[in-house]
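This report goes through the fold of one protein chain, from the overall make-up to single residues. The sequence and structure come first, and the description follows.

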Amino acid sequence: MAITEQHSRRRRGKHPHGEPNPSSIDRLSDLPDSVLTHILSFLPTNLSVRTSILGQRWRFLWAYVPNLEFLHENQEIINRVMLLRRVQTVNIFRLHFYLDYSAYQLETWLTFAVIRGVQKLDLSLEYEDTISGLPGCLFTCETLVDLSLYYCGLIPASGAVCLPRLKILRLISVQYEADESLPHLLSGCPGLEDLEIRFESDMVCCNVSSPTVKRLVLDFIYEGCGGRSDRLEIDNTPALEYLEINNCSSEHIKCGVLNSLIKAEIGFYNDEKKQDYYLYSRTVLEFFDRLRNVECLKLDLSCGPDIMDSVLSAWTTMFCNLTKLELHADCRFLSKFLANADNLETLIFTEVC
């Protein structure tokens, strides 16, 4: 149902001499409905609905807003708003819910957004017992461009995944059915460019593979809070330009060629569970070899395990494009970078004893 363009009359006050009072002119009501609904789209839905008390013209304007943002509303309010909406599209659907709910109710809400062509979906389910699978319609939404999942559901290891337009994906403290869940999900995102993952559950192997991704952020949680991966594999990422890895404690790190990489921020964490420090030292330095093309590098080894002298002394990787280095490590690494980064212009060094 199209919005009817209406223009209400200006309400003018009068000065004592009969002249219009500029401060009393209602310029907002002179705007067309399409502009007003666009303005309302920047508000959470509960605030947008409250504008209905401003007058007859405003009564149902909120029902034409293309975005829905529910921040800790109860189920009855969410259902009623969806029932009263008068526009058949949803551009942005944001649902932050912290109460108990049924799988049927969640599927109803997400299906409502999916069949209306949602482009950006932000889902946060903070209820502690919500560990059931997410509705299948979420993984076959062909209109989604931006998907953020926080503290919710299980990412399945099988089933249909078809997200052809998805460019941005954030997986923050979600659960995975199996180690295969992540690569299975990424395989159905052929246009993905921005991937951010915060791990809260342990994995034997974390495998990230996407030929189109340009920005990758992997955040592993400190020991005791989950988020540990014995093996980290970053494979088939030829378009990657920015890489950030925080609190990495993986004993085995495998990384493919990163010829497009421009900037990297890497931090390691020592969980004191390493079985073979010689093998680990070689793995870390082989990973650093893959960073050889970066122009800007931040490397934090302040909380990481020591790299063995016998391995570090043989490390000769050249960083020909490196112009800015922020290094938190011992002096052995500083001397290596000074010797192997001929074009270095900016150096920030914090010595770690």
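The protein contains 8 helices and 19 strands. The model is a predicted one. Of the 353 residues in the protein, 46% are buried. Among contacts with a separation of 6 or more, 53% join residues 24 or more positions apart.

**Nonpolar cores**

In soluble globular proteins, nonpolar side chains tend to be buried together. Here the largest nonpolar core has 90 residues. Phe93, Leu243, Phe288, Leu291 and Phe333 have the most contacts inside this core. Helix H4 supplies the largest share of the core, 6 residues. Phe288 can be taken as an example of the packing. Leaving aside residues up to four places away in sequence, Phe288 touches Phe268, Leu299, Leu301, Trp315, Phe319 and Phe333. Phe333, one of these partners, is also listed among the residues with the most contacts inside the core. Another core, of 5 residues, lies apart from the largest one, and its members include Leu36, Leu40, Trp58 and Leu61.

**Packing of H3 and H4**

Helix H3 spans residues 75-84 and helix H4 spans residues 103-114. The two pack at an angle of about 30 degrees, and their axes are 12 Å apart. Because angles under 35 degrees count as roughly parallel, H3 is roughly parallel to H4. Their crossing is left-handed. On the H3 side, the contact is made by Gln75, Ile78, Asn79 and Met82. On the H4 side, it is made by Gln105, Trp109 and Phe112. By class, the contact has 4 nonpolar, 3 polar and no charged residues.

**Single residues**

Three residues, in two loops and a helix, are set out below with their accessibility.

| Residue | Place | Relative accessibility |
|---|---|---|
| Serine 173 | loop between strands E8 (168-172) and E9 (175-176) | 3%, buried |
| Asparagine 236 | loop between strands E13 (229-235) and E14 (242-248) | 38%, partly exposed |
| Serine 310 | helix H7 (residues 309-312) | 49%, partly exposed |

Serine 173 has a phi near 55 degrees, which is a positive value in a residue other than glycine. Which residues does serine 173 touch, not counting those up to four places away in sequence? The partners are Tyr151, Cys152, Arg198 and Glu200. Serine 173 counts as buried because its relative accessibility is 3%, and the cut-off for buried is under 20%.

Asparagine 236 also is not a glycine, and its phi is positive, about 55 degrees. With a relative accessible area of 38%, asparagine 236 is partly exposed, since that class runs between the limits of 20% and 50%.

Serine 310 is partly exposed too, at 49% relative accessibility. How far apart in space are serine 310 and arginine 282? Their C-alpha atoms are 9.9 Å apart, while the two residues are 28 residues apart in sequence.

Technical notes:
Residues numbered from 1 in each chain as written. Predicted model: local features only at pLDDT ≥ 70, side-chain atom pairs only at ≥ 80, totals over all residues. Heavy atoms only, no water. Axes fitted to C-alpha atoms, helices over the stretch in contact; angles between N-to-C directions. Helix = DSSP H or I, 4+ residues; strand = E, 2+ residues; numbered from the N terminus. Parallel < 35°, antiparallel > 145°, perpendicular 65-115°, else oblique. Left-handed = near helix turned anticlockwise from the far one by under 90°. Contact = heavy atoms within 4.5 Å. Nonpolar A, V, L, I, M, F, W, Y, C, P; charged D, E, K, R; others polar. Core = buried A, V, L, I, M, F, W, Y, C linked by side-chain atoms within 4.5 Å. Buried < 20%, exposed > 50% of the residue type's maximum accessible area, 1.4 Å probe, protein only.
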